[in-house]
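Welcome, and please get your viewer ready. We will take this tour one selection at a time.

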Amino acid sequence: MNDYYSHHPLVSLDRHVVLAGFVTEETRGIGYRLAALTGLPVTDLDRSIEHVAGQSVWKLIWNEGEARYRELERVALRRALDDRPLGIITLGDGTLL
């Protein structure tokens, strides 16, 4: 079988690259551009939370409170750090707080 379209990163990592910044949209954009250049997988933590919650981050915080968002954020971050293959993880504005 021809594996011309198979995913093969251009670099290999010993650990995930985690990007954090004050403006999530900029961090997310850098993460996606870096993934496109290197072939590495990218995990957008906010998008992962939205997928699990079934609503946007803003609606989640409005409807269920910031404590619930932070709880889902911790779970999503742990899952992303345990994922293989190693890749790029973009964090939300307050994840490191």
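The stops below go from the whole chain to single residues and end at a pocket.

**Stop 1: the whole chain**

Show the chain as a cartoon, and keep in mind that this is a predicted model. How many helices and strands does the secondary structure of the chain come to? There are four helices and three strands. Follow the cartoon from the N terminus and you will meet the elements in the order β-α-β-α-α-α-β.

Now switch to the C-alpha trace and turn it around. Along its principal axes, the trace spans about 50 × 30 × 20 Å. The chain has 97 residues, and 34% of them count as buried. If you turn on a surface, about 6900 Å² of the chain is exposed, with carbon and sulfur atoms supplying 57% of that area.

Contacts are worth a look here too. Take those between residues at least 6 apart in sequence: 68% of them join residues at least 24 apart.

**Stop 2: Thr 27 in helix α1**

Select Thr 27, which you will find in helix α1. Is Thr 27 buried or exposed? Its relative accessibility is 7%, and buried means under 20%, so Thr 27 counts as buried.

Show what surrounds Thr 27. Leaving aside residues up to four places away in sequence, Thr 27 touches Leu 19, Ala 20, Gly 21, Thr 90 and Leu 91. Gly 21 deserves a distance label: the side chain of Thr 27 reaches the backbone nitrogen of Gly 21 at 3.3 Å.

**Stop 3: Ile 30, also in α1**

Stay in helix α1 and select Ile 30. Ile 30 is partly exposed, with a relative accessible area of 44%. Next, add Leu 81 to the selection and draw a line between the two C-alpha atoms. Ile 30 and Leu 81 lie 51 residues apart in sequence and 19 Å apart in space.

**Stop 4: Arg 15, before the first strand**

Go back towards the start and pick Arg 15, in the segment before β1 (17–19). Why does Arg 15 count as exposed? Because its relative accessibility is 65%, while exposed means over 50%. For another C-alpha line, join Arg 15 to Arg 33: these two are 18 residues apart in sequence and 19 Å apart in space.

**Stop 5: Glu 73 in helix α4**

Move on to Glu 73, which lies in helix α4. With a relative accessible area of 5%, Glu 73 is buried. Which residues does Glu 73 touch, not counting those up to four places away in sequence? They are Leu 45, Ile 49 and Thr 95.

Zoom in on Thr 95, whose side chain is joined to that of Glu 73 by a polar contact of 2.6 Å. You can also select Val 52, whose C-alpha is 10 Å from that of Glu 73, with their places 21 residues apart in sequence.

**Stop 6: Arg 79 and the loop after α4**

Helix α4 also holds Arg 79. Arg 79 is partly exposed, with a relative accessible area of 46%. Its C-alpha atom is separated by 9.9 Å from the C-alpha of Ser 48, and the two are 31 residues apart along the chain.

Now select Pro 85, in the loop between α4 and β3 (88–90). Look at the peptide bond that runs from Arg 84 to Pro 85: this bond is cis, with omega near 5°. For background, most peptide bonds are trans.

**Stop 7: the largest pocket**

For the last stop, select Thr 24, Asp 46, Val 57, Trp 58 and Asp 93. Among the 17 residues that line the largest pocket, these lie nearest its centre. The pocket has a volume of about 270 Å³.

Which helices each supply at least two residues of its lining? Colour α1 (24–38), α2 (45–53), α3 (57–64) and α4 (66–82) to see them. Finally, colour the lining by residue class: the residues divide into five nonpolar, four polar and eight charged.

Methods. Residues numbered from 1 in each chain as written. Predicted model: local features only at pLDDT ≥ 70, side-chain atom pairs only at ≥ 80, totals over all residues. Heavy atoms only, no water. 1 Å grid on protein atoms, 1.4 Å probe; cavity = no way out; pocket = protein on both sides within 12 Å on 5 of 7 lines; lining within 4 Å. Points joined across faces, edges and corners; volume = space filled by probe spheres on them. Nonpolar A, V, L, I, M, F, W, Y, C, P; charged D, E, K, R; others polar. Buried < 20%, exposed > 50% of the residue type's maximum accessible area, 1.4 Å probe, protein only. Contact = heavy atoms within 4.5 Å. Areas by Shrake-Rupley, 256 points an atom, 1.4 Å probe, with all protein chains shown as cover. Polar contact = N/O pair within 3.5 Å; in protein donor to acceptor, adjacent residues only side chain to side chain.
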